[in-house]
Structure formats: C-alpha cells, structure tokens
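Me: Got a minute to walk me through this model? I'd like to start with the overall layout.

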There are 2 protein chains.
Amino acid sequence: MNLKTLAQELGLSQTTVSRALNGYPEVNEATRQRVQQAAARYNYRPNSRAKGLATGRAMMIGHVIPASTRHEMVNPVFGDFVGGASDAYARHNFDMMFTRVADGNDESTYRELKAKRAVDGVIIQGPLVNDARIPLLNALDLPFVVHGRSSGIDEPYSWVDVNNKRSFQRATEFLLDLGHTRIGLINGLEHMDFAQRRRDGYLAALKARGIPTDPALMRSNEMTEVFGHHQTRHMLQLDAPPTAILTSSMISAIGVRRAIEEAGLKMGRDISIITHDDELSYLKNGQDVPIFTATRSSVWKAGEIAAEMLLSQINEPANVPQTRLLEAELVVGRSTGPAPQG
Amino acid sequence: MNLKTLAQELGLSQTTVSRALNGYPEVNEATRQRVQQAAARYNYRPNSRAKGLATGRAMMIGHVIPASTRHEMVNPVFGDFVGGASDAYARHNFDMMFTRVADGNDESTYRELKAKRAVDGVIIQGPLVNDARIPLLNALDLPFVVHGRSSGIDEPYSWVDVNNKRSFQRATEFLLDLGHTRIGLINGLEHMDFAQRRRDGYLAALKARGIPTDPALMRSNEMTEVFGHHQTRHMLQLDAPPTAILTSSMISAIGVRRAIEEAGLKMGRDISIITHDDELSYLKNGQDVPIFTATRSSVWKAGEIAAEMLLSQINEPANVPQTRLLEAELVVGRSTGPAPQG
DNA sequence: GGCGATATCCAAAGCGCTTTGAAAAGTGAG
DNA sequence: CTCACTTTTCAAAGCGCTTTGGATATCGCC
C-alpha cells in the first residue's frame, strides 16, 4: 500500500492524503478522519526512504563503534548509555543506526555518513584526550554531541559529561578524612579523557593535603574484572601496600574485591574501596545499602540527556553548542572505613 | 555533491556515471577511471535514501529491543551477539538499526518496520517458549533469523542456536561422574526458551542415573550477579546443601562464587561450579586455565552466523529456512572436583 | 564500401513521498 | 446575484538515485 493507491482508493489527491496524515490545517476535519481511518485499515505507513528523500531528513542518529577493541560495543557502559539515548530517540520517532568501523577508518566513516546523508546527527562516545573526531565533525558540519569532553580541543562543541575531576577529588578527600594516606588508583586507559580527569582529581586531593604520590599506586588500563584483580594483587604485595583503593568502574571493583578476599583481608575494615558507579542496569551496587562506597552518576541518564541535546540541535541548529556538566553523588556503602592503625 | 552535478562536471550522463560507479560492464574502462577519480575528488557518495528508493533495498537490518526490561539492551550477552552480527553486516555494507519498543508493542513495531520498508530483515533475540514474534514475522513476510529457538512453534523458521539441552546434560553427567549427587541449578527466566532446554538437559542426566530431583535446588530468574549470590546462599543453608552448582551465566557464577567464599568454602574443593560461558568479550573466564569449568559457546560467533544467514536469505529468498545448531564445548577449569566425602 | 554485431553512451521514466502554486468550492456582505 | 475572501482540494515539480529502451560510434569482415 502506498500513497498513490491509498489516494485513489479514497478518491482524493496524494496531496490531500499526505496533508491529512501529517496534520496540516488546510484539510477538512471530516476528510482527515476518512483518510486516517483508511490509512489504519490498510495499515499504511509512508515509505521511510521516500519520505526521507522528500524531506531531507533521515530521522536517524548514527553511532559509530570502533572495531579496534571488541570491548567497545559490548562494554556495559556503552550499553547503558545507548539504552538511555534510544529512549529519547523513541520519544521523537527517531531511530538509531550503528556502524562498526575498522580501526583508523573513523574519518572516512564520518565523511561517508555525511555524504550519504544517512543520519541527521551522531553521538561521540568515549572521547580521547585531543580527540580528532571533534574538529572533523565540526568541519563536516554534521550535528553531534560528545559523551564526555576532550581535553586539548579548543573549538566549541556540544557535550554532556560528569564532573570526573571533582568526583574523584571528593572521593580521595573522603578517604583522606578517614585517615588513609596510601591510596591506590585503578583507572581507565590513560588516553581516555575521563581517566585523565579522574587522575587529576585524585592528584589534586593528595597535593592539597601534602601527601606524596607514588607511581606504584597508580595503574591504568581497560577496566575489566581481571585488571582490577591483577593490579590489586600487585599492590597488596608492595612493601607499603595501600589501605584504600579508588577504582574507575564497578567491574574492576569486583576484581579488586576478589583480590582482597583472596588475600584474606576484609573489605571496609582492612582495606577500603571507592569505585565509580555508572548505575548500570544489570550491575546494581547492592540492594538498599550499597556494597561499595561510590561516586555515582547514571550513564543511562547521560545517554538520554545527550540524545535530547542532539535532537534539539537538529531541530534548531541555532542553539549550538550546548554543554551539560553533571555532578556525581558520593554515596557511602560498606566498602570504606577508617584506615587501620599500624 | 550529487549524481547530477557530478555528471555535468564530467560531461557525462547520470546513467554512465552511475554505471561506472556501480561496476557495470557497459562503460569504457577509461571513462570509469575518470568517473571514479572525480567521485573520489569530490568525495561523492550516493544519497542512501535515494538509492534505497530506487533499488528497493534498505541495506539495513533491524533489531527490536523490548524496553520492558532495561536489561535487554544492556545485557552483555546481547551486546556480544550484536557485536558479532555487526561485523557481518559491515562486510556486506549493511547497517544495523535499533528500535526500542514499549512493552507489548512488538507487533505494531514489526508491522511498521515492514510497512515503512525501513529494513530488509530483522533478527529476533531472546526467544521465549512459544514466541509470538515468529508467526507474526512469517505472516508479514519479513525476512528474519532467530537467535535461539522457540519450543511450541511448529511452523518453519530460520534459527541459530546452541545445543543447550545437550550441553547441560553433559555438564550434569560430568558432575555425576565426579560423585556429586546434590546438584543445584541456577537458571535463567523460565519463559526463556534456552532456560527450559537447559533444565531439560539437567533433568535428563539426573533421570538417567536415577537421581531424584529436588525443587529446592532449582532456581530461575534473570541472571545477575546478585541472583547467583542470593540463591547460592539459600541453597547452602539447606539441610542437605548441594555439593555442586550448575549456572546459566558467568555473571551469576561470579555471584555463586562470592556466596561460596563468604561461607568459608573453597570452590572446586568443597563445592563445584559449572557455568555456561558465552565467551563474552569483556568477561573472560580466566587467562590460560579457565577459572570456571564451563560449557562454552561464543555468542559473538553466533551473532556473526545469524547475520550471515539473514543476509543470505535477503539475497536469495529461495533458501529459507536455514538452521544451525552449535555444539558447546565442555572445558575444564578450576571450579570442579570430586564430591567431598561426607 | 556496406553490413551486422558490439561497445559505449544517453534521455527519460520511475521509486514514493512532500510541497508549491493554482484551481475549485464555499461563505458572507452588499 | 455578485464580489471578495476563505476553505478545501488538486496537478505537477522535485528529492537523488537506478534502469529501461534507444541512439550513436566503433569494429571486423566479406
């Protein structure tokens, strides 16, 4: 069923039928009813490609996923962010498109997306320090919103980010207040912008109290369970092991806990943990009382906000760029306690 | 830049330019070179909607995600499957589209996808027992492949599945051979088809050895870490606690292990665990020697296979339906050992 | 030198929609 | 009953591509 035959069926022109369905005022209310009923009866939906061609709108948002690290697509943080975004898209009748791209082909992928007019805008996830995608997309004039920020980029762009520096600074101060002075940091990959900001927060808090930093206590890598476990085991074997560990994700925190328990220590008594908690849907931090003391900020929510921002910019290109800085809350769980005496 | 102006620029007709770029033979090789170079120079890409309208192909595969359970999209199994699928799509220049759908609106969503011609085919994930989507899609005549099967559906359809029954039967037999007779089953939601098949395998193995089944040892729910932990704690408090536990996912196995360790028991000595391991990219089962003994089958790979199957059906509607049953391997890790004497 | 076959290119139609500009129908005042 | 307006409908152009059915140029061969 298409417009043409539907119009014939109704004895009307395509114009009138189209307008009736799209809510234009210049069509008699009675006719509109007739048209809508017929459309429902025949289960008519305008062909999305034809409509897109005529309107110039794709009604589609692109997400580009680097294939480099398999993890990216599969990363639970990624999943939750995308879940939130797609809620927003659904509200506006947009769809989301995923393109996996071989390593290093980002640029041509974005160019292609633009040239093909496949999407109305894109979301950038996991920005690096000095991320080349930002100047590229600005140059391409393709609407975009970044989840996170990119240190070193001067030009304006739209972003939604958590105040990573502040939240890790607060978490570190919290541990310092409990008397901890040897605090480990198990962080994400160093070239990721968020990891750098978290480290900055950690360092700032230590510096403010005149606590020296120890490179042996600062590790960064992809935040898997195994990584958390591995690094914790190493740190515990140091001559002066940490009494507290700060980690960048719940997943690695699970590994940290595992290493602690394997060492016969008790979390929250012998050694404290604070983790960043993205409030992942399938990885809840305990039921009522959180297992881990955590800096908490919902990445699902961030996805919604970023998507709404992007859609608003597509509709109103005037109000670009927009930015939004979210503050993480510091929630106290059972994984922190006063530094052990000794 | 579009075909028309590119053709003008070259002093050729749109026909020739189009054919040159699409590799048709009836164009002089020299001209083709000229055209390709010009296309590259202007960074020309055919407008995907126009192309789709002309060809009737969307070059897009749909994935519909029920919003009911937030978990769905975020579920790591989902993520890995989709990762594998998108690898296959990328090879064939297809893109993937995600539509989140409010609970219970599946039917209208699929109808709409069909009517709008938004996609060339869809993938069904997480089939239930007697899943209504299968007859619907058959009726709609929209190409689809199911990841898993649906017991109770008679009509033919294409699927890719792991031999869940057999693999859990083998795992159970393995435990029985080690002398275990009280074996717990921590399974996925009962209305999920895979959970039912796994239970069947478990029951078949017990029955073959004349071991009575105990409902107190069979639990099913969404497979979170917390669920594994919670159920294990309960089971360990029984008068006759299990000496082995079979669980349906690595994530809940982690919870199982936590409960075991909290109880002061040692995994692999006091109590054995076998888990199903989907070989999730970010949740590896140990490095060289697996942590958990596991029935192993890569869900990433399954995604690739399902996607290839769907694409082949789109190109060749004749060879429908196809099916593919994957056998899981049983890999021995450090989580199993002989049943403790007692 | 002419003829059929082949290689190369082109004009125009068509995919299914939106939207412009105009026509037809209806309305109320004079 | 007319005229000026508003309301309602329509024909046709256009979005950017593919593809059909020719047209034109080239070639081998007798």
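Me: Which domains does chain A have?
Reply: The assignment gives domain 1 (3-43), domain 2 (60-162 + 300-326) and domain 3 (164-298) for chain A; the bounds come from an automatic or database domain assignment. Bear in mind that this is a predicted model, where local features need pLDDT of at least 70, side-chain atom pairs count only at pLDDT 80 or more, and totals for chains, interfaces and linings use all residues. Residues are numbered from 1 along each chain as its sequence is written, chains are lettered from A and ligands numbered from 1 in the order in which they are written, and side-chain values use heavy atoms, with hydrogens and water left out.

Me: How far apart are the centres of domains 2 and 3 of chain A?
Reply: Their C-alpha centres lie 28 Å apart. Each of the two domains puts 17 residues into the contact, where contact means heavy atoms within 4.5 Å.

Me: OK, on to the DNA. Which residues come nearest to strand C?
Reply: Leu3(A), Ser18(A), Arg19(A), Tyr24(A) and Thr15(B), out of 28 residues around it. A residue is near if one of its heavy atoms lies within 4 Å. On the DNA side, sugar and phosphate make up 58% of the strand C atoms that come within 4 Å of the protein.

Me: What does Leu3(A) touch there?
Reply: A backbone N or O atom of Leu3(A) sits 2.3 Å from a phosphate oxygen of DNA strand C. That's a polar contact, meaning a pair of N or O atoms within 3.5 Å (within protein, one must be able to donate a hydrogen and the other to accept it, and residues adjacent in sequence count only if both atoms are side-chain atoms). A polar backbone atom of Asn47(A) is 3.0 Å from a phosphate oxygen of strand C.

Me: And which part of the DNA does the Thr15(A) side chain reach?
Reply: A base oxygen of strand C, 3.1 Å from a polar side-chain atom of Thr15(A).

Me: Which helix gives the most to that surface?
Reply: α2(A), with five residues. Helices (H or I, at least four residues) and strands (E, at least two) are DSSP runs, numbered from the N terminus.

Me: Switching to the sheet: what's the strand order?
Reply: It's an open sheet of 12 strands with mixed pairing, ordered β11(A)-β5(A)-β4(A)-β3(A)-β1(A)-β2(A)-β2(B)-β1(B)-β3(B)-β4(B)-β5(B)-β11(B). Two strands pair if DSSP finds at least two bridges between them. The edges are β11 (323-326) of chain A and β11 (323-326) of chain B, each pairing on one side only.

Me: How do β4 and β5 of chain B pair, parallel or antiparallel?
Reply: Parallel, over three bridges. Val146(B) has Trp159(B) as its bridge partner in β5(B).
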